[in-house]
Amino acid sequence: MSDYILETKDLGISFGGLKAAQDVNIRIRKNQIYGLIGPNGAGKTTVFNLLTGVYKPTAGTFYLDGEELKGLPQDKINHKGIARTFQNIRLFNNMTVVRNVMVGLHDRPEFKCSVAASLFRLPRHFKVEKAMREKAKELLRIFDLEGERNNLAHNLPYGKQRKLEIARALATEPKLLLLDEPAAGMNPHETEDLVKTIRFIRDHFDMTILLIEHDMKFVAGLCDEITVLNFGTVLAQGDTKTALSDPEVIKAYIGG
Amino acid sequence: MRMGKFKLNHYINYIVIGALTLSLTAVTLAGGRFDSSLLFLLEKIAISIVLAVSLSLVVGFLGELSLGHAGFMCVGAYLGGKVAALLVPALGNGPLTFLISLVVGGAVAAVCGIIIGIPALRLRGDYLAIVTLAFGEIVKSLFQNTSDETFGGALGLETPRYDKKYLFIFAFVIVLITLAAVQNFIRSKHGRAVTAIRDNEIAARATGINVTKYKLLTFTLSATFAGIAGVLYSFSNYTVQSAKFGYNYSIEILVMVVLGGMGSINGSIIAATLITFLNTKLATILTGDLAVLQNLLYAVILIIIVIYNNAPALKNFREKYNLQNLLRKLLRHKHDPDHVKDDEAKWDVVPTKIEMNEILSIDLTPQDKKGNTGNGGDK
């Protein structure tokens, strides 16, 4: 069962009569970088929303490390080990960079601290706060953001905001990291940097990554395996090179 | 266990209010007598501060608009007053009766907070504002229609007469407790979770924050202190009349929070003090035929304060004569706007889900000159 970190079985959702995604079967091995591609409106983000509990699947189910997560609320799914970033960056804009990451650390068992302990300022509160701050700084150091830690998140340049969002997701200690169009709006130089960062995350955090991307060069250079979606269904699947040269995939992208 | 240096601006409000309370207490104990109208004003200010600080928890930090804060206060006032009236024959009119009434009033208001917090999980912005508004009005009319024996009905509930000489001391101790509770909550991982929900609820959920838990918790905490303020009110006023707790009062509390700067506890304290003082003074100065001017003057002063606080054209002036900056200059404290300390992040620029700044600010800058105001005076 747990050969795969993530396994979806005939996963699907329909909104009224519209089948936004159906019969999606994806299997991701540990430490893989897996790509999810497809033309606009193919249902890629819908799949992400299904996997993170934003939508409840109307068909099929999915397993993380052998455990069925279908139907759990978003925060529980995150606790089980799926963390994500968003297509349009969603940071806590009016909070400092270090606090953004500390929110990610909030539900880790080692930083448990009851509301009463905080209200009455018991020693536990100070211990946890200090430990969280140290841990957050450590994460920021990895992403080269430590110098920005006391700036407000919305004052960061775009590339750093992306990095911060990834750092915050990693702070929740996931087994699987979902990245929704991480290279969107980046120049070639920043994209190159991002490829390095993603590889680094896989190696350093022993992470499995599922990402949505439009940039074919980016996908071809980074992903071990991909799934191509079109109109909510799987068009092609498997080894990146083979799947990308599939005539059906080329047809879907070029049209005809 | 504590590390880092003592942060003065964290504790400045405790120090100021604590010192004030201590000195007034000392004078009282030494046999000094204050004018009864001054004592009444002090009590009123304390009540306003508790109300404003507790509401700022919901409006400023959770980012939800609540227009029913007076409703929670009403529940606390009636229940606390009733409990006190029942306890006085047994326990006498002492601190014990006072304490028990406070606990009961706060607890019942907390339950109401949970009840109102549940729809708050599904609604936001204008819709939640309407629900809370309705709650306040429902509570008000419920108490209005009780029988004379239970809660006094339309005549109001008579409450025991607590010794006025000492009541303001208790009131300010309660202010300090409220401050401690609210600030300790905000400056903890739990408060951080609440502000994360305000900044981006979708991201907060995806980051593993239990939004349901924290919204309920914030509403409950806020309602509890509103209830406690209600009990204080019932002791200060001798009678509780439901008409007092209409939406006008809820909005007055909201005005205190908005004027003080969304999410600024110290701002709420200052605004609550000023507005209460202003209201009371206007009511005593303008009597007779001039009484009609009370509301007009009050409104004019409010408009001036709001324009002063928000108008872009006054930005340079504001930064030059800003209390914080003046204090900083006095203490020779350097301020670097690009390097905000962790707990000094600018809360006052934070919008609620209803764009309060949009409603209140008036753009006085001519269109073609707009570019000049953007970066003025930052350094």
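Start by selecting residues 33-37 and 208-212 of chain A: these are strands β4 and β9, which pair in the parallel sense over four bridges. Keep in mind that you are looking at a predicted model. Now click on L36(A); which residue of β9(A) is its bridge partner? The partner is I212(A).

Next, widen the view to the whole sheet. Six strands of chain A make up this open sheet, in the order β7-β8-β9-β4-β10-β11, and the pairing is mixed. Select 82-84 and 233-239 of chain A to find the edge strands, β7 and β11, each of which pairs on one side only. As you step from one strand to the next, the twist averages 20°.

Stay by the β11(A) edge and add residues 247-254 of chain A. This is helix α10, lying across β10 (225-230) and β11 of chain A, and it runs at about 125° to β11(A).

Now colour the two chains separately and look at where they touch. Chain A brings 38 residues to the contact and chain B brings 31 residues. On the chain A side, the elements giving two or more residues are α2 (74-80), α3 (97-105), α4 (115-119) and α5 (123-142). Which element gives the most? It is α5(A), with seven residues. Colour this side of chain A by class and you will find 15 nonpolar, 14 polar and nine charged residues.

For the last stop, select α3(A). Is this helix mostly covered or mostly open? It is mostly covered, with nine of its nine residues buried; among them are V97(A), R99(A), M102(A) and L105(A). Show the neighbours too: the buried residues of α3(A) pack against α5 and α6 (158-171) of chain A together with α7 (189-199) of chain B.

How values were computed: Residues are numbered from 1 along each chain as its sequence is written. Chains are lettered from A and ligands numbered from 1 in the order in which they are written. This is a predicted model: local features need pLDDT of at least 70, side-chain atom pairs count only at pLDDT 80 or more; totals for chains, interfaces and linings use all residues. Two residues are in contact if their C-beta atoms, placed from the backbone, lie within 7 Å. Ala, Val, Leu, Ile, Met, Phe, Trp, Tyr, Cys and Pro count as nonpolar, Asp, Glu, Lys and Arg as charged, and the others, Gly among them, as polar. A residue is buried if 20 or more other C-beta atoms lie within 10 Å of its own, exposed if 12 or fewer, and partly exposed in between; C-beta atoms are placed from the backbone. Two strands pair if DSSP finds at least two bridges between them. Axes are lines fitted to C-alpha atoms, for helices over the stretch in contact, and angles run from 0 to 180 degrees between N-to-C directions.
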